[in-house]
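Q: Please take a close look at the salt bridge in this structure, and set it in the context of the whole chain for a reader who has not met the structure before.

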Amino acid sequence: MKLIQTLCCSALINPFYPMVEVPSAPTQYSLPLRLLRLLAGLMAGGIIAQVLSCLIVYLLIEDSQAAGMMAHLLMQHLAYYFLGCTFTILSLSNALIKRDLCNLKAVRLPSLILILSVAGASFLLIPRMDYLRETALQDGMPVMLSPFANYFAILNSITSLLLCTQIFTSILIAWRLCDTQSS
């Protein structure tokens, strides 16, 4: 307890005015909230690092097909980490919502969008693009000269859009979880 220095005279007149400041007790769920914030921060940082790594690969390797293969391999391997973190965040926040921490409801929708975008890019689109690359290489040409070039470009654009969605939703999750700290 800490004595409030200002307006002590009004405290003498008004019996309902507190003369001491009671420190706020830590909430019952402070440890799970810290874990949620840690996972969200690691996930957002990991997705940003993934994007920067993919950009560096494209800048350093002159062959765009090989750079794309490396970037997609990186995305596929990190997808398990991102899905695990997001699933843990979603599960733990749902458990805390049932225990009357309703401000975590703002994390549900971005978590679901992040799960869908990571899974869609890593397990649906990238394997299809790898198949198109292998088919073109078996015919003796790069994918941009094959008959599937337009289809590959569409899939690559969708993958890039999903990657941007991953960045936005991971930062949104981290921001909303850090915002629950103040409330």
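A: Read from the N terminus, the elements of the protein chain follow the order β-α-β-α-α-α-α, which amounts to 5 helices and 2 strands. The model is a predicted one, and the mean pLDDT of the protein chain is 87, with 83% of the residues scoring at least 70. Confidence is not uniform: helix 4 (residues 108-138) has the highest mean, 95, and strand 1 (residues 2-3) has the lowest, 52. Where pLDDT is low, the predicted coordinates should not be read in detail.

The salt bridge belongs to helix 4, the element in which confidence is highest. A search of the whole structure yields 1 salt bridge, and the partners are the side chains of D130 and R133, with 2.8 Å from N to O. Both residues lie in helix 4, separated by 3 residues, or about one turn of the helix. The two partners differ in their exposure. R133 counts as buried because its relative accessibility is 4%, and buried means under 20%. D130, at a relative accessible area of 22%, is partly exposed.

D130 also has a neighbour from another helix. Q76 touches D130, as well as S122, I126 and P127, when residues up to four places away in sequence are not counted. Q76 is placed in helix 3, and with a relative accessible area of 18% it is buried.

From Q76, helix 3 also leads to the surface. L73 lies in this helix and is partly exposed, with a relative accessible area of 43%. Together with I56, L60, I61 and M70, L73 forms a nonpolar patch on the surface, with about 470 Å² of accessible area in total. Helix 2 (30-60) and helix 3 (64-97) each contribute at least two residues to this patch.

The same two helices also take part in the interior. Helix 2, helix 3, helix 4 and helix 5 (149-182) each supply at least two residues of the largest nonpolar core. This core has 23 residues, and those that touch the most other members are L36, M43, I89, L96, L104, I173 and L177. As an example, the contacts of L36 include I89, L96, L104 and L177, and also T88, L92 and S93, leaving aside residues up to four places away in sequence. Separate from this core is a second one of 7 residues, among them L132, A136, V143 and L155.

Helix 5 offers a further view of the interior through S170. S170 is buried, with a relative accessible area of 0%. Beyond residues up to four places away in sequence, S170 touches A44, I47 and L114. The C-alpha atoms of S170 and A44 are 4.9 Å apart in space, although their positions lie 126 residues apart in sequence numbering.

Contacts between distant positions also appear in the figures for the protein chain. Among contacts with a separation of 6 or more, 69% join residues 24 or more positions apart. Of the 183 residues, 36% count as buried. The protein chain exposes about 11,400 Å², and carbon and sulfur atoms supply 69% of that area.

Technical notes: Residues numbered from 1 in each chain as written. Predicted model: local features only at pLDDT ≥ 70, side-chain atom pairs only at ≥ 80, totals over all residues. Heavy atoms only, no water. Patch = residues over 30% accessible without salt bridge, like charges linked within 9 Å, V, L, I, M, F, W, Y side chains within 5 Å. Areas by Shrake-Rupley, 256 points an atom, 1.4 Å probe, with all protein chains shown as cover. Salt bridge = Lys/Arg side-chain N within 4 Å of Asp/Glu carboxyl O. Helix = DSSP H or I, 4+ residues; strand = E, 2+ residues; numbered from the N terminus. Buried < 20%, exposed > 50% of the residue type's maximum accessible area, 1.4 Å probe, protein only. pLDDT = per-residue confidence, 0-100. Core = buried A, V, L, I, M, F, W, Y, C linked by side-chain atoms within 4.5 Å. Contact = heavy atoms within 4.5 Å.
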